[in-house]
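Visitor: I would like to go through this model with you. Could we begin with how far it can be trusted?
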Amino acid sequence: MPPELSRPLVAVLPFRPNGDNADLRILGEEIADLLRERLAADPAMQAILISSDFLAKAPPHALELICRELRIGHLISGKCHGTASEPSLYVELSDTREWHIRWANFYRGGARALLAAEGEAMQSMAGQLRRILVERPPH
């Protein structure tokens, strides 16, 4: 099998805001884009970002069709939540063959930390996802 086909392909969706908060929408899009960049930089996997513009215009079943057509094995999605002090982020990794959740994490009050220049929080999230996608692939 060619190397590019043996690497897992994951799609990252913009993290939706919980409600209509424009700041949370922008934050969710920035985090998703940075996560996609981190995952795509790993030579053991491939990552794409599905834009919020596309998702807003697409019918509900389009995401499933895209995953099937492009052979996307996993989907990363979630929500940004506004809290009293700092926004939080819920992230989940779903297997697109059976549509079940393989991993989830809630970054309580830590959404902005994922964008920090040092990238420790984002590095940790990307590392956890890598372990699941590359080191422990589904049977």
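Guide: One term is needed at the outset: pLDDT is the predictor's confidence in each residue, from 0 to 100. This is a predicted model, in which local features need pLDDT of at least 70 and side-chain atom pairs count only at pLDDT 80 or more, while totals for chains, interfaces and linings use all residues. Residues are numbered from 1 along each chain as its sequence is written, and side-chain values use heavy atoms, with hydrogens and water left out.

Visitor: Which elements have the lowest and the highest mean pLDDT?
Guide: Helix H1 (residues 3-6) has the lowest, at 54, and S5 the highest, at 96. Helices (H or I, at least four residues) and strands (E, at least two) are DSSP runs, numbered from the N terminus. Where pLDDT is low, the predicted coordinates should not be read in detail.

Visitor: And what does the chain average?
Guide: The average pLDDT is 88, and 94% of the residues score at least 70.

Visitor: Turning to Ser88, is it buried or exposed?
Guide: Ser88 has 1% relative accessibility and therefore counts as buried; buried means under 20% relative accessible area, exposed over 50%, partly exposed in between (1.4 Å probe, protein chains only). Ser88 is found in strand S5.

Visitor: Which backbone nitrogen lies 2.7 Å from a polar atom of its side chain?
Guide: That of Gly109.

Visitor: Now H2. Which residue caps its N-terminal end?
Guide: Asn21 does, with a side-chain oxygen 2.8 Å from the backbone nitrogen of Asp23.

Visitor: Which residues of H2 are buried?
Guide: They are Leu24, Leu27, Gly28, Ile31, Ala32, Leu34, Leu35 and Leu39.

Notes:
A polar contact is a pair of N or O atoms within 3.5 Å; within protein, one must be able to donate a hydrogen and the other to accept it, and residues adjacent in sequence count only if both atoms are side-chain atoms.
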